[in-house]
Amino acid sequence: MSLIEVVGLSQRYGDRVVLKNINVNIEKGEIFALIGPTGTGKTTFLRLIDLLEVPTSGKIYFDGIDTTALGRMKLRIRRRMAFVLQKPVVFNLSIYDNIAYGLRWRGKGRNEIKAKVDRLLDVIGLSTFRHKNARTLSGGEAQRVAIARALAVEPEVLLLDEPTANLDPISTLKIEELIRNIFHQYKATIVMATHDLSQGRRLAHRIGVMVNGEIIQVGKADEIFNSPLNREVAEFVGVENIIGGVIVSRDGDIATIDLKGKIIEAISDCAVGDEVYVCIRPEDITLAPSKAISSARNSLAGEITRVAPTGSLVHVEVDCGFSLIALVTKKSAEELNFKSGERVYASFKASAVHVIKK
Amino acid sequence: MISVTATFLASLVCLPLASLIHLHRFPGKRLLINIIQTLFSLPTVVVGLFVFVLFSRAGPLGGLNIMFTPTLMIIGQAILITPILLGLIISALGGVDKAIVDTALSLGASGPQVALAVIREARYAVMAAVIIGFGRAISEVGLVIMVGGNIRGFTRVLTTAISLETSKGELELSIALGIILLSIALIVNLALNRIQQR
């Protein structure tokens with residue numbers, strides 16, 4: 001049995017539908033990341049899990065208990081979880097008192113509270129500031145206090161809403177490190193919402209992609225990044241080349257696809273005549289000034305239309321009847337003299353092409 | 001002492017009541033708050049009249065036999081300052097970030113624990129409300145004359161004494177009493193400020 005089971009969950013505010021028929025299971029002891037653009041319903045989903053809102057329809061089972069049917073029992077279930085909100089709010093009290101609050105509400109003894117809070121102050125590295133008012137902290141520090149405060153109550157489920165939004169890169173790294181530590185030390189199940197897909201990829205065991213209030217795809221990070229289920233997911237996970245086409249023939253696993261007049265080969269189980277989107281990651285495309293002999297099944301001639309350096313890599317846009325973006329190192333681009341107007345061959349393997357049925 | 005007790009009693013009623021009104025959504029909430037705010041300008045003599053009618057011998061609560069006693073003066077003052085306290089505490093709580101309520105709930109606070117956490121967040125503004133309520137109670141004349149009767153050594157308070165002595169032409173005594181009244185107000189305010197700074 002899953003720890004949290006969400007069945008047909010919908011949430012509406014007046015006419016505005018925020019969540020549509022969400023079905024997802026969260027297993028005990030995993031880090032589950034909900035990724036999606038901002039304003040897509042991730043926060044509402046977490047609020048519903050934490051029983052801060054009542055859903056319009058659908059059910060949430062926590063450890064097998066139907067939480068939507070609970071009255072006073074809600075508090076007992078909620079006390080098995082802790083939620084760190086996106087905007088870290090700290091109480092206008094000392095850092096120590098902030099972290100101790102949840103324990104005091106549970107009627108814990110003074111010594112127990114002190115032992116736990118002291119340990120957490122060490123974990124977040126703010127021991128020396130224990131008596132400082134939490135309102136005077138920076139964003140990153142306040143977020144650490146908020147996470148420590150949630151951990152103090154030793155929740156079975158830790159809900160994190162955009163734990164590093166609005167933080168600088170160094171604070172982000174610290175928080176991510178903290179989340180990893182928490183997971184290993186406390187063995188809590190973590191459900192986090194983030195719009196930063198690379199963060200989801202770094203931290204989570206499984207990812208759910210949420211777009212416009214719907215969870216479109218759930219799977220391991222690599223599955224989602226390499227085999228997005230539809231165009232929206234592909235766009236969100238950063239596939240830059242998404243081209244429409246039609247399957248013209250098949251030979252075993254290999255399908256031949258007509259992309260606006262150009263023919264390519266790809267591995268796909270779509271039937272002849274199916275309209276499809278072809279996804280190719282820029283890093284899977286190699287560029288050469290002349291047609292080279294290689295094991296790559298696809299090689300398209302084209303003309304460079306744009307060269308855009310980004311750090312040590314260069315984005316090269318090639319027009320081969322449709323626009324194709326390739327990623328090459330700065331050094332290769334210089335050595336092979338890639339610049340606008342040059343003729344090149346863009347090659348990629350049939351296995352590097354991910355085909356989505358329209 | 002009468003005003004301090006009245007303020008204390010009114011606070012005891014108003015803090016939970018204001019939390020209830022603040023933390024719950026219900027139809028007519030806005031209207032209720034408007035009514036409370038209108039009652040800020042409740043004339044003291046109207047409250048006096050109301051309490052007088054309620055507790056006089058022939059009134060519905062006449063049997064309690066507390067007419068012209070300090071007890072009734074406390075009740076009268078508490079009623080008088082309740083709208084101010086209630087209204088100001090509701091606004092004080094309204095100034096607290098809404099995320100505080102969610103944070104408290106998500107950390108496992110029960111309903112009353114959430115209310116206490118919110119009051120604690122708004123403690124300075126709540127204390128200011130209490131100080132204003134106390135100010136209105138201690139400066140009160142009309143109500144305490146009506147329901148207290150200004151009986152010497154029993155229900156005569158500083159304000160009613162000042163009023164009486166002034167009408168008798170004893171201006172020096174009145175001024176002295178006025179200074180004492182202000183000093184008491186100052187001491188109480190200083191004490192409340194001390195609590196607030198903790």
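This report describes the confidence, one sheet and the largest nonpolar core of a predicted model.

Residues are numbered from 1 along each chain as its sequence is written, while chains are lettered from A and ligands numbered from 1 in the order in which they are written. Because the model is predicted, local features need pLDDT of at least 70 and side-chain atom pairs count only at pLDDT 80 or more, whereas totals for chains, interfaces and linings use all residues.

Chain A has a mean pLDDT (the predictor's confidence in each residue, from 0 to 100) of 89, with 100% of its residues at 70 or more. The table gives the extremes among its elements, helices (H or I, at least four residues) and strands (E, at least two) being DSSP runs numbered from the N terminus.

| Element of chain A | Mean pLDDT |
|---|---|
| helix α6 (residues 169–186), lowest | 84 |
| helix α1 (residues 42–49), highest | 94 |

In chain A, an open sheet of 5 strands follows the order β15-β19-β16-β17-β18 with antiparallel pairing, where two strands pair if DSSP finds at least two bridges between them. Strands β15 (286–288) and β18 (323–329) of chain A each have a single partner strand, so one side of each lacks a neighbour in the sheet. Between β16 (residues 298–310) and β17 (residues 313–319) of chain A there are 7 bridges, and I304(A) stands opposite V318(A) in β17(A).

The largest nonpolar core (buried Ala, Val, Leu, Ile, Met, Phe, Trp, Tyr and Cys residues joined through C-beta atoms within 7 Å; buried meaning 20 or more other C-beta atoms within 10 Å of a residue's own, placed from the backbone) holds 152 residues, of which V145(A), A150(A), L159(A), L85(B) and I89(B) touch the most other members. Helix α4 (residues 70–94) of chain B gives the most to this core, with 15 residues.

Key
Buried ≥ 20, exposed ≤ 12 C-beta atoms within 10 Å, placed from the backbone.
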